[in-house]
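Reader: Please take me through one part of this model closely: the surroundings of the ligand. Start with how the chain is laid out, then work inward.

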Amino acid sequence: MSASDHVNLEKFMEGVEKRNQGQTEFIQAVREVAQDIFEFIEDKVEYHEAQILRRIAEPDRVVSFRVCWEDDNHNIRVQRGWRVQNNNAIGPYKGGLRFHPSVNESILKFLAFEQTFKNSLTGLPMGGGKGGSNFNPRGKSDSEVMRFCQSFMTELYRHVGPDTDVPAGDIGVGAREIGYLFGQYKRITNRWEGVLTGKGLEYGGSQVRSEATGYGAVYFMANMLKHKGDSIEGKNAVISGSGNVATHAAEMILNQGGKVLTLSDSGGFIHDPDGMTQEKLNWVKHLKTVKRGRIQEYCDEFSGATFHKGERPWGVACELALPCATQNELNEEEARALVKNGVMAVAEGANMPTTLEGVHVFQEAKIMYGPGKAANAGGVAVSGLEMSQNAERISWDSDRLGKLLEGIMAEIHESCVTYGDQSDGYVDYVKGANIAGFKKVADAMLAYGVV
Ligand code: NDP
């Protein structure tokens with residue numbers, strides 16, 4: 001970055017900070033993207049004149065609303081709901097709903113901003129949005145969750161629609177919540193239409209949607225390796241998490257001839273030096289989705305595995321690392337341990353699992369590092385394909401969807417290489433993803449004039 005770029009960046013960020021006081025996550029996300037974009041647009045006067053970056057960093061609108069519901073003890077509870085519609089230059093707003101006590105406007109604005117670039121990278125016509133509530137579904141009865149979802153949708157329905165804004169699930173919003181939300185939308189509007197994705201297969205959901213994020217992250221990793229003439233075959237993988245993304249990433253590592261050594265949950269990690277099999281993974285899926293058990297039970301079932309209470313798996317030697325649990329779960333020290341132990345490639349299944357300092361360790365060591373924005377875009381890509389199927393009133397088979405997902409991940413990888421290739425041959429996938437995601441949105445905005 002040149003000196004004048006740096007001055008412009010700091011001036012730009014001063015304005016962002018002034019307009020979004022106290023919204024630390026949002027300000028941080030804008031800074032991370034702006035660094036790469038300022039360098040890219042240095043000689044592109046049209047983007048400066050039209051103030052494109054400033055406009056993308058100002059959500060089209062933020063809707064916040066009251067959500068009242070009655071708990072099982074007949075107490076009236078009041079929560080806050082939001083929908084952040086960041087940018088719809090290339091398609092209807094699209095992004096998940098998160099129900100978690102930590103949810104606030106800054107977090108949703110940051111996620112909606114990031115989603116704008118991620119969705120653009122998929123090549124599908126989807127803008128960026130995000131929403132949710134500070135409601136915590138954990139420990140609530142099904143009836144309480146249903147009443148909350150119905151109340152939430154009673155306000156949200158007026159802001160969404162299949163050509164306007166199409167939410168999906170995220171933390172705390174799974175198949176159960178999507179079902180309740182969709183049912184209430186249908187009841188209020190008297191319309192069956194693809195207003196949400198992640199639906200059940202019985203009512204308009206898509207094949208391959210549940211596998212898409214984990215499989216897609218491994219496809220992205222395979223593409224990074226292929227770019228250097230290598231493959232997943234015969235390599236050891238360390239994976240965190242044991243939910244949807246982690247178990248499907250593990251499955252695809254096996255399919256591609258790799259060995260999966262670890263999985264984890266918030267209680268600790270399990271290490272299986274013999275490697276996992278499909279049978280063992282099926283057992284984990286059942287444990288987590290049906291029995292709602294803990295990952296440490298794996299060691300009672302399969303001999304040779306050990307449980308490491310309260311620890312994360314990054315100290316286990318491997319060539320491949322896939323953080324698939326949660327944000328900020330891989331710090332600088334852990335990144336250094338991975339590099340020391342010979343890691344070659346990192347692909348993020350989770351959103352922002354590596355701290356900024358950890359990312360710098362990977363980049364300085366020239367490790368292939370696929371940020372979540374690119375590597376976990378397979379989930380929203382298949383959501384985009386769910387929208388297409390709903391619009392056509394048809395369901396595609398899993399073969400077709402699997403091939404489409406694989407093709408989209410290869411194209412995302414290619415776009416990252418186009419804009420992230422460095423003079424020494426190292427690919428800066430963070431920079432590549434930021435610029436490729438920005439360019440398409442920015443060019444559409446230029447075409448619209450000042451609106
Ligand atoms: P799940 O709820 O299915 O699984 C989350 C996993 O992470 C669980 O094993 C959970 O363990 C573990 N976990 C949660 N918090 C912590 C913690 N503090 N420390 C260690 N482990 C933890 O979620 P998903 O698999 O769907 O999502 C995982 C990540 O992927 C999230 O960051 C999500 O935003 C991201 N993502 C998901 C997409 C999707 O399509 N599902 C799409 C794109 C990104 P425990 O059971 O103990 O809570």
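Author: The model is predicted. Its chain is divided into domain 1 (3-56), domain 2 (61-192) and domain 3 (210-375).

Take the pairing of domain 1 and domain 2 first. Their C-alpha centres lie 28 Å apart. Nine residues of domain 1 are in contact with ten residues of domain 2. Together the two domains bury about 980 Å². Carbon and sulfur atoms account for 66% of that area. On the domain 1 side, Glu-25, Phe-26 and Ile-56 supply 53% of the area buried against domain 2. No other three residues give more.

Now the ligand. There are 21 residues around it. Thr-213, Ser-242, Val-245, Ser-266 and Arg-294 come nearest. By class, the shell has eleven polar, six charged and four nonpolar residues. Three elements each supply at least two residues of this shell: α8 (209-227), α9 (244-255) and β7 (259-265).

Next, individual contacts to oxygen atoms of the ligand. Thr-213 places a polar side-chain atom 2.6 Å from a ligand oxygen. Asn-244 uses its backbone: an N or O atom there lies 3.0 Å from an oxygen atom of the ligand. Asn-351 uses its side chain, with an N or O atom 3.1 Å from a ligand oxygen.

How much of the ligand does the protein cover? On its own, the ligand has 890 Å² of accessible area, and the protein covers 70% of it.

How values were computed
Residues numbered from 1 in each chain as written. Predicted model: local features only at pLDDT ≥ 70, side-chain atom pairs only at ≥ 80, totals over all residues. Heavy atoms only, no water. Near = heavy atom within 4 Å. Polar contact = N/O pair within 3.5 Å; in protein donor to acceptor, adjacent residues only side chain to side chain. Areas by Shrake-Rupley, 256 points an atom, 1.4 Å probe, with all protein chains shown as cover. Helix = DSSP H or I, 4+ residues; strand = E, 2+ residues; numbered from the N terminus. Nonpolar A, V, L, I, M, F, W, Y, C, P; charged D, E, K, R; others polar. Domains from an automatic or database assignment. Contact = heavy atoms within 4.5 Å. Buried area = accessible area lost by both parts, 1.4 Å probe.
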